[in-house]
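Work through these exercises with the model open. Try each task before you read its solution.

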Protein chains: 2
Amino acid sequence: MNIKVVSRILEANDRLAEDNRKIFRDSNVYVINLMSAPGAGKTTLLERTVSGLSGKKKIGVIEGDIATDSDAQRIAALGVPVVQINTGGACHLDANMIREALSGLPLKDMELLFIENVGNLVCPAEFDIGENEKVMILSVTEGDDKPLKYPLMFERASALVINKIDLLPFVDASVQKIREDSLRLNPGMRIFEASAKTGSGLQPWFEWLNQKGK
Amino acid sequence: MNIKVVSRILEANDRLAEDNRKIFRDSNVYVINLMSAPGAGKTTLLERTVSGLSGKKKIGVIEGDIATDSDAQRIAALGVPVVQINTGGACHLDANMIREALSGLPLKDMELLFIENVGNLVCPAEFDIGENEKVMILSVTEGDDKPLKYPLMFERASALVINKIDLLPFVDASVQKIREDSLRLNPGMRIFEASAKTGSGLQPWFEWLNQKGK
């Protein structure tokens, strides 16, 4: 009974996601759904990315949070169009929320749209929101057991940014194990190692993004 | 329509949670529902706690994860009764999962049961599993904006362990801001500052736990 209900919700979401996808395609906007646990560094990575792609890509951002607009304020300070979605409790963004947010964005003047999902390593991976690609961030402070413990997100993301590598000397996490377990779940996954805080390791990430939508 | 469905699921869960609560009461077992984002240090804190309360409290543990039994293995290595629940995708434990796990635990020989929830700062807070108290962990590596961005868990937890304080020199997080925002959401919250990894700051946590169920 519950399974039927969940399945109907996901079917309705998938139809709306396809509508979003058509809107994005018609506007020539390439969409990245950025996911991670709380505090892995999604917003800091976006701040760096806006600067790193400055003059190369016209960027827009949708920020998803349960509450507050603090992330949207950080992005708006960089002069990039941004809309904040507050889910009011929901643990992930869905296609309908994205659809409603689109009216606040100048899609025709954008090439790359980042959608920062709610900080959660589980639920966001289940919902198609019309993106071209799912990308995830894992902070080394979260430990190297996360790919095996939260497999769905690692299976569905086409790229993984292993973040906060500046903290590697102080934590017990093996980047090698994160890489191996991630690639076992998802052999085609592109993996970056970076520190969004210091900026180190971000050049390959910028180059990868710069090829998108071409 | 969806709201009705969710409300029925929560009602059914609440009834089962009350059944669990009666079982715990009849067995004189005090139950802590331990919640946090992925990688905040729940299992490491439990390892320290089992040692710190050794000879004082008879402890049991239920481990909740989407996949793997790695956390249960870490706890079992300490000689404490432990049951692993794998939710197979669900983003939180519910009362029915706990009920089924209880058959694997010697409740009559236990005084304190820790239930380590799925790593997630959102969904676990919504589900009563029959616990006496919800306790949460926030790692300073997650940043000091988390109380305002994930308010429900901070509102529902009676205690907060601010963990990984050994990493404070290397991250941009203010413990003072975490404390102030947490207490604004939940004025009665008991707050500890600790490093489960180094063991520093844990004595008040042990003393607080040692008073439970008396």
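A residue is buried if 20 or more other C-beta atoms lie within 10 Å of its own, exposed if 12 or fewer, and partly exposed in between, with C-beta atoms placed from the backbone. The model is predicted: local features need pLDDT of at least 70, side-chain atom pairs count only at pLDDT 80 or more, and totals for chains, interfaces and linings use all residues. Residues are numbered from 1 along each chain as its sequence is written, and chains are lettered from A and ligands numbered from 1 in the order in which they are written.

**Exercise 1. Classify B:T68 as buried or exposed, or in between.**

Step 1. Find B:T68 in the loop between β2 (59-65) and α3 (70-76) of chain B. Helices (H or I, at least four residues) and strands (E, at least two) are DSSP runs, numbered from the N terminus.
Step 2. Count neighbours: 16 other C-beta atoms lie within 10 Å of B:T68, so B:T68 is partly exposed.
Step 3. Check the backbone. Phi of B:T68 is positive, about 75 degrees, yet B:T68 is not a glycine. Most residues other than glycine have a negative phi.

**Exercise 2. Work out how chain B is laid on chain A.**

Step 1. Superpose by least squares on the C-alpha atoms of residues with pLDDT of at least 70 in both copies.
Step 2. Read the result: a turn of 180 degrees and a shift of 0.0 Å along the axis give an RMSD of 0.0 Å.
Step 3. The two copies are therefore related as by a two-fold rotation axis.
Step 4. Compare the contact residues (C-beta atoms, placed from the backbone, within 7 Å). In chain A, 100% of those of chain B recur, and the same surface serves both copies.

**Exercise 3. Trace the open sheet of chain A.**

Step 1. Strands pair if DSSP finds at least two bridges between them.
Step 2. Write the order of the seven strands: β3-β2-β4-β1-β5-β6-β7, with parallel pairing.
Step 3. Mark the edges. They are β3 (82-86) and β7 (190-193) of chain A, each pairing on one side only.
Step 4. Take one pair. Strands β1 (residues 30-36) and β5 (residues 133-139) of chain A share five bridges in the parallel sense. A:S36 has A:I137 in β5(A) as its bridge partner.

**Exercise 4. Which residue of β7(B) stands opposite B:V161?**

Step 1. In chain B, β6 (residues 159-163) and β7 (residues 190-193) pair in the parallel sense over four bridges.
Step 2. The residue opposite B:V161 is B:F192.

Notes
Contact = placed C-beta atoms within 7 Å.
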